[in-house]
Amino acid sequence: MSIYCPPEFPNFRLVCHPLLSHKLTQLRDVKTPKKEFNELVREITQLLVYEATKDLPMEMIKIQTPLEVMESPALAGKKPVILPILRAGIGMVDGFLANIPSARVGHIGLFRNEETLQPQLYYFKIPKQSEDRQFYICDPMLATGGSAIATIKKLKEAGVSRITFVCLVAAPEGVKKLLEAYPDVPIFSASLDRQLSDHGYILPGLGDAGDRLFGTK
Ligand code: PRP
Ligand code: URA
């Protein structure tokens, strides 16, 4: 797995791997049915999580192997929090939990007003005493950046400072807006697409992620 950081977007980490590219191609294909779409979102997320979590703090702990006592590295500090943006972010949660089963899961409910493209908040729940925890916001799509920015604002108001954004497909317009608003928040993505359409869809993209995950179209 390798990482590419475009010079114009120091906040952006493009995760590159042949398996990831292949799965993303299948995900974009309009012929991919709902079941496979869900499986691919989970598998791609699992691959992204390796890179997105590589700076988690570690500590040495003492354990007993069947043969002797040893000091061995383990994750340190409070459990991280996965924060899916409803609805589509839900599709990424199992990919995170496969790698970090003890992570806590918060929820934020946002939908885009299809005319103004502005995010509307309808739900927010995170663990108590979240200030010291690492948060991983997940949403398959970073389009205008409005939903991501509204989520980060809510977390910062709650005192959270360690925030990473993980998505599958990003538009340059959204990455730029996020960089201007929150340059301290790294974005991990499997793709940086060409542009946004006039209706705020990512091109070439994969369509409406929520509708494809849940079969609501
Ligand atoms: C989609 C997507 C993101 C948001 C991205 O959600 O899952 O949350 O749009 O767009 P933005 O970067 O322009 O804010 P949508 O509002 O369609 O809601 P849904 O997940 O319930 O389908
Ligand atoms: N939300 C989606 O689900 N898809 C897009 O292309 C843009 C926003």
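Q: Which residues is ligand 2 surrounded by?
A: Quick heads-up: this is a predicted model. Going by heavy atoms within 4 Å, the neighbours of ligand 2 come from several parts of the sequence. The list is Arg112, Met141, Ala143, Gly200, Tyr201, Ile202, Gly207, Asp208 and Ala209.

Q: How do the residues of the shell around ligand 2 divide into nonpolar, polar and charged?
A: Arg112 and Asp208 are both in that shell, and Arg and Asp count as charged. Gly200 and Gly207 are in there too, and Gly goes with the polar class. The split is therefore five nonpolar, two polar and two charged.

Q: Which atom of ligand 2 lies 2.8 Å from a backbone N or O atom of Gly207?
A: Let's go through the backbone contacts. Ile202 puts a backbone N or O atom 2.8 Å from an oxygen atom of ligand 2, and a polar backbone atom of Ala209 is likewise 2.8 Å from an oxygen atom of the ligand. For Gly207, the partner at 2.8 Å is a nitrogen atom.

Q: How much of the accessible area of ligand 2 does the protein cover?
A: Start with the contacts: one of them pairs a polar backbone atom of Ala209 with a ligand oxygen at 2.8 Å. On its own, ligand 2 has 240 Å² of accessible area, and the protein covers 89%.

Q: Where does ligand 1 sit?
A: Ligand 1 has 16 residues around it, and the closest are Arg112, Asp139, Thr144, Gly145 and Ser147. Arg112 also turns up in the surroundings of ligand 2, and ligand 2 sits in the largest pocket. Ligand 1, too, sits in the largest pocket.

Q: Which elements give two or more residues to the shell around ligand 1?
A: First, the place: ligand 1 is in the largest pocket. Three strands and a helix make the cut: strand S5 (81-86), strand S7 (107-112), strand S10 (141-142) and helix H4 (146-157).

Q: What is the distance from an oxygen atom of ligand 1 to an N or O atom in the side chain of Asp139?
A: Some other contacts help to set the scene. A polar side-chain atom of Arg87 lies 2.9 Å from an oxygen atom of ligand 1, and a polar backbone atom of Gly145 is 2.9 Å from a ligand oxygen. For the side chain of Asp139, the distance is 2.4 Å.

Q: How much of the accessible area of ligand 1 does the protein cover?
A: Gly145 is among the closest residues, with a polar backbone atom 2.9 Å from a ligand oxygen. Taken alone, ligand 1 has 500 Å² of accessible area, of which the protein covers 92%.

Q: How many charged residues does the shell around ligand 1 have?
A: Arg112 and Asp139 are among the closest residues, and both types count as charged. By class, the shell has seven nonpolar and five polar residues, and the charged ones number four.

Q: Which residues does the cis peptide bond with omega of about -5 degrees join?
A: There are two cis bonds to sort out. The one between Leu203 and Pro204 has omega of about 0 degrees, and Pro204 is in the loop between strand S15 (202-203) and helix H6 (209-214). Arg87, in the loop between S5 and helix H3 (90-99), belongs to the other bond. With omega at about -5 degrees, that bond joins Leu86 and Arg87.

Q: Which residue in S7 does Leu86 stand opposite?
A: S5 and S7 run parallel, with two bridges joining them. Across from Leu86 in S7 is Gly109.

Q: Which residue takes a positive phi in the hairpin of S7 and S8?
A: S7 and strand S8 (residues 119-125) are antiparallel partners over six bridges, with Phe111 opposite Gln120. Gln129 also has a positive phi, near 50 degrees, but Gln129 lies in the loop between S8 and strand S9 (134-138). Within the hairpin, which has six residues between the strands, phi is near 65 degrees at Leu117.

Q: How many residues are in the hairpin that joins S3 to S4?
A: Strand S3 (residues 58-64) and strand S4 (residues 69-75) pair in the antiparallel sense over seven bridges. Met60 faces Pro73 across the pair. The number of residues through which the hairpin joins these strands is four.

Technical notes:
Residues numbered from 1 in each chain as written. Chains lettered and ligands numbered in written order. Predicted model: local features only at pLDDT ≥ 70, side-chain atom pairs only at ≥ 80, totals over all residues. Heavy atoms only, no water. Polar contact = N/O pair within 3.5 Å; in protein donor to acceptor, adjacent residues only side chain to side chain. Areas by Shrake-Rupley, 256 points an atom, 1.4 Å probe, with all protein chains shown as cover. 1 Å grid on protein atoms, 1.4 Å probe; cavity = no way out; pocket = protein on both sides within 12 Å on 5 of 7 lines; lining within 4 Å. Sits in = over half its atoms within 2 Å of the grid points. Pairing = 2+ DSSP bridges.
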